[in-house]
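Please prepare a briefing on this protein for a first-year student, grouped by topic and careful about what each value can support.

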Amino acid sequence: MQEQVVRSRWRVIMTLVAVTWLNPHVYLDTFVVLGSIGGQLGSDLRIWFTAGAVCASVLWFFGLALLAAWFSPVLQKPVSQRIINLFVGSVMWYIAIQLALKGWNISY
């Protein structure tokens, strides 16, 4: 039993490391988005921008984890998952259509 717990803990830790460090959005958000915004600020404001970005990130991820724990009974239901999938799919189709229209220079 103890060996199984250690193996499970090791698997969770490795998954955490993989999701954190092998996720390309980590680098895109950190270096490209935040770097380009922070680079436009004066040196006296960069420390405040960095502190704000760190605080927002911590609040976002802890809040997301807390809400996921609270809503997990509701989110495990197939009806909830279908509603979420339909909402996300609708948003993706809306963005795709807007990008296509913009690419074809069609505006309405």
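Tyr-27 and Phe-31 both belong to helix α2 (residues 24–39), and because they are 4 residues apart there, about one helical turn separates them. The model that shows this arrangement is a predicted one, and the mean pLDDT of its protein chain is 89.

**The aromatic pair in α2**

- The structure holds 1 aromatic pair, and since the rings of Tyr-27 and Phe-31 have planes at 5 degrees and centres 6.2 Å apart, this pair is stacked.
- The cut-offs behind that reading are that ring centres must lie within 6.5 Å to pair, and that planes under 30 degrees apart count as stacked.
- Tyr-27 has a relative accessibility of 34% and therefore counts as partly exposed, whereas Phe-31, at 59%, counts as exposed.

**How α2 meets α3**

- The axes of α2 and helix α3 (residues 43–75) come within 10 Å of each other and cross at roughly 150 degrees, which means that α2 runs roughly antiparallel to α3.
- The step from angle to label rests on a cut-off, because angles over 145 degrees count as roughly antiparallel.
- The crossing between α2 and α3 is right-handed.

**Helix α4 and its surroundings**

- At 1.5 Å a residue, the 26 residues of α4 should span 38 Å, and the end C-alpha atoms of the helix are 37 Å apart, which agrees with that expectation.
- The number of buried residues in α4 is 2 of 26, so this helix lies largely in the open.
- Gln-81 is a residue of helix α4, and with a relative accessible area of 39% it is partly exposed.
- Along the chain, Gln-81 and Gly-42 are 39 residues apart, and their C-alpha atoms are separated by 45 Å.
- After α4 comes Asn-105, which has a positive phi, near 55 degrees.

**Confidence in the prediction**

- In the protein chain, 94% of residues reach a pLDDT of 70 or more.
- Confidence is highest in helix α4 (residues 78–103), at a mean of 94, and lowest in helix α1 (residues 2–21), at a mean of 82.
- As a general caution, predicted coordinates should not be read in detail where pLDDT is low.

Key:
Residues are numbered from 1 along each chain as its sequence is written. This is a predicted model: local features need pLDDT of at least 70, side-chain atom pairs count only at pLDDT 80 or more; totals for chains, interfaces and linings use all residues. Side-chain values use heavy atoms; hydrogens and water are left out. pLDDT is the predictor's confidence in each residue, from 0 to 100. Rings of Phe, Tyr and Trp (its six-membered ring) pair if their centres lie within 6.5 Å; planes under 30 degrees apart count as stacked, over 60 as edge-to-face and the rest as tilted. Buried means under 20% relative accessible area, exposed over 50%, partly exposed in between (1.4 Å probe, protein chains only). The expected span of a helix is 1.5 Å times one less than its number of residues. Axes are lines fitted to C-alpha atoms, for helices over the stretch in contact, and angles run from 0 to 180 degrees between N-to-C directions. Angles under 35 degrees count as roughly parallel, over 145 as roughly antiparallel, 65 to 115 as roughly perpendicular and the rest as oblique. A crossing is left-handed if the near helix is turned anticlockwise from the far one by less than a right angle, and right-handed if clockwise.
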